[in-house]
Amino acid sequence: MFPRTFKAVLLGFLLYFTAGVWAKPRDTSKVLSIGVVLFPGFQPLDVIGPLDMIFLLSGGQNMTLSTIWKETGPIWARAPPLANSEAAPPPAEGTLPSTYPLVGPHIVATHTFASAPKLDILLVPGGGGNVVLSENNDTVIEDFLVSRFDELEYLISVCTGAVSLAKSGLLNGRNATTSKYAWSWVTQFGQGVKWTPNARWVEDGKIWTSSGVSSGLDMTYALFKKILGEKATNIVVNAMEYTPHQDRHWDAFAVVHKVPGADTKRPLGDCVGPAGYDFKCARDKTH
């Protein structure tokens, strides 16, 4: 483990370094108000992945963060039990038997739906709790999205979080994507939604939707590159030592999980590397 002083110096260096290199798509003196919807049973990486990137980006852009649920306080990533287990998305072919997660982090909700401030960006994660809310006909998230949509610059969802956007009606007639693992469950919601099976993420106006779990990092990278500029965003993603998938039109997990319309003729491998650098891809010549 690194000493605390070293970690503090490293973080300070990253924040200081990024602060002076922003491009000019946005006035960095303006406060960017970010909200994240929470619920019991949120998928941890859907929330923590994008927030880690946002955390570092806030070194050069004034931001506020609101985490939002019905009540303030710790919200558990472990979902409440379903009354009807058949309400859950069917397991993908070849996956391990379903087990009830025994551990999960808590994230503190700082605001309720009633007390949340004006927001510029609102993120809706996925997770097993989406299924529980749907089973209980609980529309609190959908009601909040509709009430705040006009004020938002961007509404974004990760994984099965797209079900809340679909049920709210905000995806009606729009292009969208979602978790390939839970594809058949999510895509039953909404009217006239143009679900895109091969997309890693989809941009339709101010609504952006991503595929499953880790794809939220790729979408967040693309979104903030658009908002804050490529140079600073690349510095942050390289500080994270994360190689983003930058082809939003391709998600190999559509093939893995046998999503209808998946492009089975395209190679499953994706060539990724450090953002902003030229690189060559090593290919396995045996395949």
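Start by selecting valine 213: its relative accessible area is 26%, so this residue is partly exposed (between the cut-offs for buried, under 20%, and exposed, over 50%, with a 1.4 Å probe and protein chains only). The model in your viewer is a predicted one, where local features need pLDDT of at least 70 and side-chain atom pairs count only at pLDDT 80 or more, while totals for chains, interfaces and linings use all residues. Residues are numbered from 1 along each chain as its sequence is written, and side-chain values use heavy atoms, with hydrogens and water left out.

**Two loops with a positive phi**

Stay on valine 213 and check its backbone: phi is positive, about 40°, although the residue is not a glycine. Most residues other than glycine have a negative phi. The loop that holds valine 213 runs between β11 (207-210) and α7 (215-228); helices (H or I, at least four residues) and strands (E, at least two) are DSSP runs, numbered from the N terminus.

Now go to asparagine 137, in the loop between α3 (128-135) and α4. Asparagine 137 is not a glycine either, yet its phi is positive at about 55°. Is asparagine 137 buried or exposed? With 64% relative accessibility, asparagine 137 counts as exposed.

**Strand β6 and its neighbours**

Select strand β6 (residues 121-124) next and look at its two faces. Ile121 and Leu123 lie on one side, Leu122 and Val124 on the other, and all of them are buried.

Add β1 to the view: β1 and β6 pair in the parallel sense over three bridges (strands pair if DSSP finds at least two bridges between them). Which residue of β6 is the bridge partner of glycine 35? The partner is leucine 122. Then bring in β7, which pairs with β6 in the parallel sense over four bridges. Leucine 122 appears here too, standing opposite leucine 155 in β7.

**Threonine 160**

Follow the chain out of β7 to threonine 160, in the loop between β7 and α5. At 7% relative accessibility, threonine 160 counts as buried. Its side chain reaches the backbone nitrogen of glycine 127 at 3.0 Å; a polar contact is a pair of N or O atoms within 3.5 Å, where within protein one must be able to donate a hydrogen and the other to accept it, and residues adjacent in sequence count only if both atoms are side-chain atoms.

Show the surroundings of threonine 160 as well. Leaving aside residues up to four places away in sequence, threonine 160 touches Gly126, Gly127, Asn130, Thr178, Ser179, Ala182, Trp185 and Val186 (contact means heavy atoms within 4.5 Å).

**A walk along the salt bridges**

How many salt bridges does a search of the whole structure find? The search finds nine, each being a side-chain nitrogen of Lys or Arg within 4 Å of a carboxyl oxygen of Asp or Glu.

Select glutamate 153 and lysine 30, whose side chains meet at 3.5 Å, N to O, in a salt bridge. This pair links distant parts of the chain, 123 residues apart: glutamate 153 is in the loop between α4 (140-148) and β7 (154-157), and lysine 30 in the loop between α1 (4-19) and β1 (32-37). Both ends are partly exposed, glutamate 153 at 26% and lysine 30 at 41%.

Move on to arginine 174 and aspartate 204, a salt bridge at 3.3 Å, N to O. Arginine 174 lies in the loop between α5 (162-168) and β8 (175-176) and aspartate 204 in strand β10 (residues 201-204), so the pair ties together parts 30 residues apart in sequence. Arginine 174 counts as partly exposed at 22%, whereas aspartate 204 is buried at 17%.

Strand β10 also holds glutamate 203, while arginine 248 lies in the loop between α8 (230-239) and α9, so this pair ties together parts 45 residues apart in sequence. The two side chains meet in a salt bridge at 3.7 Å, N to O. Finish the walk with Lys180, Arg200, Asp218 and Asp251, which are linked in a network of salt bridges.

**Last stop: a surface patch**

Turn on the surface and select Phe253, Val256 and Leu268, which form a nonpolar patch with about 270 Å² of accessible area together. Patches are made of residues with over 30% relative accessible area and no salt bridge, with like charges joined within 9 Å and nonpolar side chains (Val, Leu, Ile, Met, Phe, Trp, Tyr) within 5 Å. Accessible areas come from the Shrake-Rupley method with a 1.4 Å probe, and for residues only the protein chains shown count as cover. Within the patch, valine 256 sits in helix α9 (residues 253-256) and counts as partly exposed at 39% relative accessibility.
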